[in-house]
2 protein chains.
Amino acid sequence: MRGFWGDRIDAVADKTAMILYERCVAAGMFDQIDPERPVPPVKMPWHTRADGSPDTVNVQMFWDSDVAKVIETAAYALYRKPNADLEAKIDAIIEMFAKLQQPDGYVNSWFIRMQPGLRWTNLRDCHELYCAGHLMEGAVAYFHATGKRTLLDVMCRYADLIDKEFGLRAGQKHGYCGHEEIELALIRLGRATGEQRYIDLARYFIDARGQQPHFFDIEAAARGADPAQFRHKTYQYNQSHLPVREQTKVIGHAVRAMYLYSGMADVATEFGDDTLTDALKGLWEDLTTKQMYVTGGIGPAASNEGFTDYYDLPNESAYAETCAAVGLMMWASRMLGRGPDRRYADIMEQALYNGALSGLSIDGSRFFYDNPLESRGGHHRWTWHRCPCCPPNIARTVASIGSYMYGVSADGVAVHLYGDSTARLKLSSGEVTLTQSTAYPADGRVTLRIGLDAPATFALALRAPGWCEAPTLTLNGEHTSTGDMSGGYIQLRREWRDGDVLELDLPMRVRALHAHPAVRADLGRVAIARGPLIYCVEETDNAGNLNGLVLSDDLSAARTEPLPELGGALVIELPARRERWSAGDGRLYSTQPPAAENTTARLVPYHLWDNRDAGEMLVWIRAAQ
Amino acid sequence: MRGFWGDRIDAVADKTAMILYERCVAAGMFDQIDPERPVPPVKMPWHTRADGSPDTVNVQMFWDSDVAKVIETAAYALYRKPNADLEAKIDAIIEMFAKLQQPDGYVNSWFIRMQPGLRWTNLRDCHELYCAGHLMEGAVAYFHATGKRTLLDVMCRYADLIDKEFGLRAGQKHGYCGHEEIELALIRLGRATGEQRYIDLARYFIDARGQQPHFFDIEAAARGADPAQFRHKTYQYNQSHLPVREQTKVIGHAVRAMYLYSGMADVATEFGDDTLTDALKGLWEDLTTKQMYVTGGIGPAASNEGFTDYYDLPNESAYAETCAAVGLMMWASRMLGRGPDRRYADIMEQALYNGALSGLSIDGSRFFYDNPLESRGGHHRWTWHRCPCCPPNIARTVASIGSYMYGVSADGVAVHLYGDSTARLKLSSGEVTLTQSTAYPADGRVTLRIGLDAPATFALALRAPGWCEAPTLTLNGEHTSTGDMSGGYIQLRREWRDGDVLELDLPMRVRALHAHPAVRADLGRVAIARGPLIYCVEETDNAGNLNGLVLSDDLSAARTEPLPELGGALVIELPARRERWSAGDGRLYSTQPPAAENTTARLVPYHLWDNRDAGEMLVWIRAAQ
């Protein structure tokens, strides 16, 4: 990767990966995990507050998962560039997990050190298999990056134990995790190791979910608890209210939902299971036509970290957790497992460049947990979070962005995402090297060079993004029809030769997006977009009171220019009116409309907001109507 | 009273007064009060739900106050027209209170029957003096209407006891009520009986409030409770966080605040206390320039039934309790005690005709508790409420509206409100009869006839409402200058003769009101008003999706016509666009603005909404911008 993503991955490799490690140290997370240290108190000393007073942090039952994502991020960072110091630190963490592992294979620091004797007693609430899943993902990534097997072996032994404990046979627990994740992780572990049992176990977890009698009822009764006293009230919260194939509404905790659907999509791909794919298609429509922010952010409510009613998409209070946008990318990417389809890739790109990438500052050092689409000036990036799931999640996603770019089958390559990069892909006809040269997403022109040892026939599918009205293509300099664009991809099947050059042009017009009028918060407003990027206004460029800006309905005057302080990202300038209330007039209501003057609104990509001076921010801007 | 208010008072006299009584019976309220009945359980059987299942109601510690307001309403109803049945029923209630009264004068059914032995142990939470205050108001009204002294005597004995128990002397409780009301009630009782001690006691309650050491802390400790465990967290909730003269922000529970300020204004008038008036002027500015809905509704939040942040005026979730708008009228009316000032009378009228009157259906049978400015169709009038404070509060206010219309001093009359009516007023020069002939509020032309036994010199002040740009006046047919309009009143001092006729014309233009741009909920929207009435659109006139309506900025095409089904109220028709989302296009976001067609928006007075078919309602309508 070079260009836009190259810079971002370098920031993760150079900075974020180590920052994540150090903030885990500062938060005492390894005090919980390392079996050679004393068991920590639940409330541990932490940093010093701005006012000089000491702050504390509670040991969290899900910290294994956060450390696992730090390992995964480090793996991609080390793949990008060697870093002996980082690698030694990660090796030491892996050693802790290896030592933590029980003789029967069990690995979970919370239940081994903080709550001994209680393993497998509360799958509903305690993230036990969720932690296992993330450790499996970390193990696979670290093995691929470094060739080191320690964590992979640990997690295979643990997976073997889980496979023994859970299932439909007599004596097995017929259960599953309250926080989905292990399903997709087992698929990943199975694919990495060739072990079909892991993939079958993933299918078991998917199939078992939501069946009656309900496992979480049985489990609660077994530990002497009243199943009705579930803190989140209904099992919609963890998507176990119905068997997964009967679910039609995207519901509950957003990250859980995305990880479940990702696992379902993986199982559908592995087993060619149309019943799962059909359910997923319905859920996809439900999410993307009624419950998704224009940034690809999802889950509007903080109360359940998740979904509410259709079209309930408030901007200022939007939760839209970074992890949920990453989860949507993961789901979208896995929906492409059954073939290229722009429906999924467009949304993957939308979530990536907006609601997900906003979670990481340009320099890779600060993070958003929730991603509102409007701020009065009080919302800022964190250095760390008591629930530190988002920082390593966006970091691992950015650092592995290459894995989202292509779809490869035996005789075809689909290009889902564009970016300056080189990929080596294996087809049945042999290896092909695909080189993209592009300033994407600042510019829609992409040059693709095909590198082959010998001429080869295969299909090349180039995504024509839905936001682009008129893509054009040349092959070796000659204009080529984009054809019927089945599934939104330009389909090219031919005998390719080494050095073939495709020039794809995806003209990027500044667009004003209107929301469905049922979205109350966006009425009379537009969101400005260009290419895959959603834009916003920030106080630092436009002074305060951003809701006093009213954009002209004439976008033909839009200008773009690169802004060095935002890494050369293109700024958009648009004519607008700015309303002002007459000075000294304190009246609440008046027959006089607010005075207005002409101005120029200056917009920056949403994912870049709060990288400069703190202040107000607004995505949905009032528009002349 | 004739015309608009005559019809409304007749509805209360003919219907509401008895309905209130009967719903008290149905809710078992007299089972608590009547000492000859068995003490009821806290949870009593109530009505049958729509699904046939039985519902229950909890005995409430503040029911005495609700019954007191029923007595007060009945008093005004009986003053309007005799009703032997109603009078007998009220006499029977009064007999209950007389029998309930303890030998020392104490009267409170909750503490006598439900919680014996606990009187005066929790003034903060238990509405004890609040109940006393409402019973005093009821007693005064019933005495004035019927000449019967029973309740008045009961309440004087009770007031004497309270005067003995509370005060600054040793052995007295240095306390006051958590829910203000007794302050203004004591003033009323003192004025009716000529007993200065009651007025002095009101001043004591005002002066004691919020002093340190804090009475509610002391009281809580005395009953073994932790003062910090106050359910509403801070004493801002009941306006006892500071001594009243130091309060500058309108805060806490809205009805409590209004009753406090009303009592303060009364005390300021009684004692000519400028320190109180100065504090009240600041609070008035605070409320009316930063915290009041355009309907005169106040207290946006359900959580504290009260105030939040400046400019936080959401429309759909507006609490804006009917009682709070009535309280605002009461405060405004009392601010006029120190002389006519349009600042107060304009807001009194605004609250009256909109946020208060909305609480009562045209036929006088159904009630709003909260008065949102937008509804998706789910908000409807109640037949009764578990906390039945609002129904008798708006009923007593409507039935006594005449008492809000005039201000009378020794040598002057101020006309604060207009309405078809006749009033006999006593000045030092003798009695004057003022007859208003007008279709107000449908029409701004008011004919005032002066009836005198002999020529008399006095000042007549006619309010020139702030909403009226160019009032005109004739005296006995000759055009007369409106003068300097000090305080927003046309000031006429002369020798008046019997039969003098003033013709006041207050032209009513359809106005579009813009909110201060800090009111986020109203951006890009207007509220339509005519005269004192705020208008709204209802689904029954405009089909659904009212947020798809965009009003033209040209109001010159506005038409009005009387609507018989709403008692002849004037409907306003305005040109508008109606946005429609293309059928079958389920996309959330689109570069295509919603299709729009020209239409006519039909608006009705806000206070009349939900009197016809149920549906959506909207006050702040999108406007071309």
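Two strands count as paired if DSSP finds at least two bridges between them. With that in hand, here are some notes on this predicted model.

1. **A hairpin in chain B.** Strand β18(B), residues 559-563, and strand β19(B), residues 569-580, run antiparallel and are joined by 5 bridges. One of the partnerships is that of Leu563(B), whose bridge partner in β19(B) is Ala569(B). The two strands make a hairpin with 5 residues between them. If you look at the turn, Gly567(B) has a positive phi of about 65°.

2. **The extent of the interface.** Chain A brings 43 residues into contact with 43 residues of chain B. About 3,300 Å² is buried between the two chains, and carbon and sulfur atoms give 55% of that area. On the side of chain A, the residues that lose the most area to chain B are Leu588(A), Tyr589(A) and Gln625(A), which together account for 26% of what that side buries.

3. **Polar and charged links across the interface.** There are 10 residue pairs in polar contact between chain A and chain B, counting pairs with both residues at pLDDT 80 or more. The count of salt bridges between these chains is 2. A salt bridge worth displaying is that of Glu374(A) with Arg520(B), where the closest N and O atoms are 2.5 Å apart.

4. **What chain A offers to chain B.** At least two residues of the touching side come from each of α12 (274-290), β14 (510-515), β19 (569-580), β20 (589-590) and β23 (621-623) of chain A. The largest share, 5 residues, is supplied by β14(A). By residue class, the side of chain A that touches chain B has 20 nonpolar, 12 polar and 11 charged residues.

5. **Strands that pair between chains.** You may enjoy following β20(A) across the interface: 2 bridges join β20(A) to β14(B), residues 510-515, and the two strands run antiparallel. Within this pairing, Ser590(A) has His514(B) as its bridge partner.

6. **An annotated span in chain A.** For residues 413-508 of chain A, UniProt lists "domain: Non-reducing end beta-L-arabinofuranosidase-like GH127 middle", from an unreviewed entry. In the model, this span is 57% strand and 0% helix, and its end C-alpha atoms lie 25 Å apart.

7. **Backbone details to check by eye.** The peptide bond from Tyr440(A) to Pro441(A) is cis, with omega near 5°. Pro441(A) sits in the loop between β7 (430-438) and β8 (445-452) of chain A. Chain B has a cis peptide bond from Gln212(B) to Pro213(B), with omega near -5°, and Pro213(B) is in the loop between α9 (196-208) and α10 (215-222) of chain B. Please also look at Asn476(A), a residue other than glycine with a positive phi, near 50°. Asn476(A) is found in the loop between β10 (472-475) and β11 (478-480) of chain A.

8. **Salt bridges over the whole structure.** Over all chains, the structure holds 105 salt bridges. One of them is formed by Lys99(A) and Glu36(A), with the closest N and O atoms 3.2 Å apart. Lys99(A) belongs to helix α4 (residues 84-100) of chain A and Glu36(A) to the loop between α2 (29-33) and β1 (43-48) of chain A, so this pair ties together parts that are 63 residues apart in sequence.

Technical notes. Residues are numbered from 1 along each chain as its sequence is written. Chains are lettered from A and ligands numbered from 1 in the order in which they are written. This is a predicted model: local features need pLDDT of at least 70, side-chain atom pairs count only at pLDDT 80 or more; totals for chains, interfaces and linings use all residues. Side-chain values use heavy atoms; hydrogens and water are left out. Contact means heavy atoms within 4.5 Å. Buried area is the accessible area (1.4 Å probe) that two parts lose on being put together, summed over both. A salt bridge is a side-chain nitrogen of Lys or Arg within 4 Å of a carboxyl oxygen of Asp or Glu. A polar contact is a pair of N or O atoms within 3.5 Å; within protein, one must be able to donate a hydrogen and the other to accept it, and residues adjacent in sequence count only if both atoms are side-chain atoms. Helices (H or I, at least four residues) and strands (E, at least two) are DSSP runs, numbered from the N terminus. Ala, Val, Leu, Ile, Met, Phe, Trp, Tyr, Cys and Pro count as nonpolar, Asp, Glu, Lys and Arg as charged, and the others, Gly among them, as polar. UniProt positions are given in the numbering used here, feature names are shortened, and annotations may be inferred rather than shown by experiment.
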